[in-house]
Amino acid sequence: MGAEKADNDYVPAADVPTNVRIYTDGQDKDSKPTFFQLLVAYASLTLYTGWGHILMMLAVASIFYQIPRIILALLFGTLLLPAKPVLWKRFNRSWVFSTWRRYFHFSFLLEEVAKKNGRYVFVEFPHGVFPMGPLVAGTLCQAIFPGITIYSLAASSVFNVPGWRHFVAWIGSMPASKSNFKYLLRRGSVAVIVGGIAEMFMQHPKMEQVKLKDRKGFVRIAVEEGADGVVPVYHFGNTSLLDIFPQSAEKFSRRMRAAIVLMYGSFGLPIPRKREVYMVTGKAVPVRHLQPDHPEYEAEVDRVHKQVVDQLQDLYDRHKAEFGW
């Protein structure tokens with residue numbers, strides 16, 4: 001999400017107003033990337049989103065040839081290296097990510113300024129086939145929300161994939177677990193994509209759907225850790241970037257805790273389509289600090305969860321016209 005004015009024309013923290021749509025990296029509503037920026041974005045996005053497919057091709061080739069076997073051995077050897085640092089700020093300021101934001105003509109709107117040094121749980125929707133909106137926004141978190149540090153949670157299976165393991169760690173992620181969630185929330189704020197793998201298979205060409213009404217785990221942790229609030233976030237356009245095949249793989253994917261599917265977008269390849277992405281961040285739902293043995297604990301979890309559900313729906317309804325829906 002954006003910050004100090006650096007190489008990438010980040011939005012200066014002091015100049016981030018509320019309830020105003022802001023295009024990042026010096027863009028405006030009519031901006032288009034240069035040919036070189038587009039080329040870099042295509043190449044790097046193909047490498048990132050298509051990485052799983054590339055590994056599969058290397059695995060097949062390794063059956064017949066020695067060089068792919070050596071490459072795979074070296075790649076999987078990186079899994080022995082610690083996935084640190086968690087949140088490498090210099091990495092997030094990479095010019096390559098600027099080309100991604102220009103590719104998606106990325107913009108954002110804040111309905112409220114986060115409290116300095118606050119500890120929030122940012123709940124992001126929708127996951128889409130691939131959470132490109134949350135990922136692109138994550139490269140600007142320290143800029144859009146100055147004074148707070150935002151970490152994130154990612155599917156544990158991602159940390160078993162060479163290349164992706166260190167990439168997600170450097171943008172601030174740890175494997176999604178209750179203990180990691182609490183650990184990160186004690187250090188700062190945490191962004192979590194609540195719908196996860198289940199939400200990938202809810203993608204529909206004519207409607208937006210999210211997985212939230214039966215998910216309260218993030219609220220329980222926010223209450224138990226005394227977070228300053230739960231913040232709903234919606235990424236308009238995220239579901240239009242990629243599709244998956246086959247849709248019937250949902251049960252198997254959820255059992256394996258990994259998306260066992262083929263992704264496709266531009267040119268029928270695992271490259272996100274060049275579509276606009278617009279992130280809207282709502283107001284924080286306040287949270288009381290209670291432990292599970294407190295008589296009002298369950299009631300507080302239900303109250304916060306209902307408010308998050310209601311605010312997310314309201315956030316979507318109030319801002320969808322700005323996105324052209």
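In the predicted model, lysine 216 forms a salt bridge with aspartate 302, the closest N and O atoms being 2.7 Å apart. Lysine 216 lies in the loop between α10 (196-200) and α11 (217-225), whereas aspartate 302 belongs to helix α13 (residues 297-319), so the pair ties together parts that are 86 residues apart in sequence. Lysine 216, at 27% relative accessibility, counts as partly exposed, and aspartate 302, with a relative accessible area of 37%, is likewise partly exposed.

The count of salt bridges comes to 16. Among them, arginine 288 and glutamate 296 meet through their side chains with an N to O distance of 2.6 Å. Arginine 288 is partly exposed at a relative accessible area of 38%, and the value for glutamate 296, also partly exposed, is 38%. A further salt bridge joins the side chains of lysine 320 and aspartate 317, for which the N to O distance is 4.0 Å. Lysine 320 has a relative accessible area of 29% and is partly exposed, while aspartate 317, at 37%, falls in the partly exposed class as well. In addition, salt bridges link Lys182, Arg186, Glu224 and Glu225 in a network.

The strands were examined next. Eight of them form an open sheet, with mixed pairing, in the order β1-β2-β10-β7-β3-β6-β4-β5. The edges are occupied by β1 (22-23) and β5 (173-175), each of which has a single partner strand, so one side of each is left without a neighbour in the sheet. The partner of β5 in the parallel pairing described here is strand β4 (residues 150-154), to which β5 is joined by three bridges; within this pairing, serine 152 has serine 173 of β5 as its bridge partner.

Strand β3 (residues 120-125) is flanked in the sheet order by β7 and β6. Six bridges connect β3 with strand β7 (residues 229-236), the two strands running parallel, and valine 123 stands opposite proline 232 of β7. Toward strand β6 (residues 189-192), β3 is joined by three bridges, again in a parallel arrangement, and phenylalanine 122 has alanine 191 in β6 as its bridge partner. Six of the six residues of β3 are buried, so this strand is largely enclosed by the rest of the structure. The cover extends to both faces of β3, since Tyr120, Phe122 and Glu124 on one side and Val121, Val123 and Phe125 on the other are all buried. Helix α9 (residues 178-187) lies across β3, β4, β5 and β6, and runs at about 170° to β4.

At the surface, a nonpolar patch is formed by Phe35, Phe36, Leu39 and Trp95, which together have about 480 Å² of accessible area. Helix α1 (residues 35-49) gives the most to this patch, contributing three residues. Phenylalanine 35 is found in helix α1, and, because its relative accessibility of 67% lies over the cut-off of 50%, phenylalanine 35 counts as exposed.

How values were computed
Residues are numbered from 1 along each chain as its sequence is written. This is a predicted model: local features need pLDDT of at least 70, side-chain atom pairs count only at pLDDT 80 or more; totals for chains, interfaces and linings use all residues. Side-chain values use heavy atoms; hydrogens and water are left out. Patches are made of residues with over 30% relative accessible area and no salt bridge: like charges are joined within 9 Å, nonpolar side chains (Val, Leu, Ile, Met, Phe, Trp, Tyr) within 5 Å. Accessible areas come from the Shrake-Rupley method with a 1.4 Å probe; for residues, only the protein chains shown count as cover. Helices (H or I, at least four residues) and strands (E, at least two) are DSSP runs, numbered from the N terminus. Buried means under 20% relative accessible area, exposed over 50%, partly exposed in between (1.4 Å probe, protein chains only). Two strands pair if DSSP finds at least two bridges between them. Contact means heavy atoms within 4.5 Å. Axes are lines fitted to C-alpha atoms, for helices over the stretch in contact, and angles run from 0 to 180 degrees between N-to-C directions.
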